[in-house]
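Here are my notes on the model, for reading alongside the coordinates. Please check each point against the structure below.

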Amino acid sequence: MLFSQMNPYVRYGRYLNINEKSHYKEVVPLDARLFYALDGYSKIKADGVQYNMGPNSLLIINSGIPYQLLTPS
């Protein structure tokens, strides 16, 4: 399947402001997760790999993949 052929259902959307005081536990989602960074910098660890998120970054995590939002350093 091509990305352009996808027709996702967005169940829930929210804006997160991640800062040095933020703390998120590792979770294993039952559905896919999509993260888009509007501005600022943070990190997401998914399946043991750390991804640096900056402005206009996009990350898709499949269901069943453990992930954790990390605070900016």
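1. The model is a predicted one. My first point concerns Gln68, which sits in strand β5, residues 67–70. With a relative accessibility of 17%, Gln68 falls in the buried class, because buried is taken as under 20%.

2. The side chain of Gln68 has a polar partner: one of its polar atoms is 2.8 Å from the backbone oxygen of Tyr24. Once neighbours within four places in sequence are set aside, the residues in contact with Gln68 are Tyr24, Lys25, Glu26, Lys43, Ile44 and Lys45. Tyr24 therefore appears both in the polar pair and in the list of contacts, where contact means heavy atoms within 4.5 Å.

3. Strand β5 also holds Tyr67, one half of an aromatic pair with Phe35 of strand β1. One such pair is present in the structure. The ring centres of Phe35 and Tyr67 are 5.5 Å apart and the planes stand at 65°, so the arrangement is edge-to-face; the cut-off for that class is over 60 degrees. The two residues are 32 apart in sequence, and the pair links distant parts of the chain.

4. How accessible are the two partners, buried or exposed? Phe35 is buried at 16% relative accessibility, and Tyr67 is buried at 7%.

5. On charged side chains, the count is two salt bridges. Arg11 and Asp31 form one of them, with an N to O distance of 2.6 Å. Both of these residues lie in the segment before β1, 20 residues apart, and the pair links distant parts of the chain. Asp31 also meets Arg33 in a salt bridge, at 3.1 Å from N to O. Arg11, Asp31 and Arg33 are thus linked in a network.

6. The members of this network can be placed by accessibility. Arg11 is exposed, at 57% relative accessible area. Asp31 is partly exposed at 25%, and Arg33 is partly exposed at 27%.

7. There is a nonpolar patch on the surface, made up of Met1, Phe3, Met6, Tyr15, Leu34, Tyr36, Leu38, Leu58 and Ile60, with about 1100 Å² of accessible area together. Strands β1 (33–36) and β4 (58–61) are the elements that give two or more residues to the patch.

8. Which part of the chain holds Tyr15, a member of the patch? Tyr15 lies in the segment before β1. At a relative accessible area of 58%, Tyr15 is classed as exposed, because exposed is taken as over 50%.

Methods:
Residues are numbered from 1 along each chain as its sequence is written. This is a predicted model: local features need pLDDT of at least 70, side-chain atom pairs count only at pLDDT 80 or more; totals for chains, interfaces and linings use all residues. Side-chain values use heavy atoms; hydrogens and water are left out. Helices (H or I, at least four residues) and strands (E, at least two) are DSSP runs, numbered from the N terminus. Buried means under 20% relative accessible area, exposed over 50%, partly exposed in between (1.4 Å probe, protein chains only). A polar contact is a pair of N or O atoms within 3.5 Å; within protein, one must be able to donate a hydrogen and the other to accept it, and residues adjacent in sequence count only if both atoms are side-chain atoms. Patches are made of residues with over 30% relative accessible area and no salt bridge: like charges are joined within 9 Å, nonpolar side chains (Val, Leu, Ile, Met, Phe, Trp, Tyr) within 5 Å. Accessible areas come from the Shrake-Rupley method with a 1.4 Å probe; for residues, only the protein chains shown count as cover. A salt bridge is a side-chain nitrogen of Lys or Arg within 4 Å of a carboxyl oxygen of Asp or Glu. Rings of Phe, Tyr and Trp (its six-membered ring) pair if their centres lie within 6.5 Å; planes under 30 degrees apart count as stacked, over 60 as edge-to-face and the rest as tilted.
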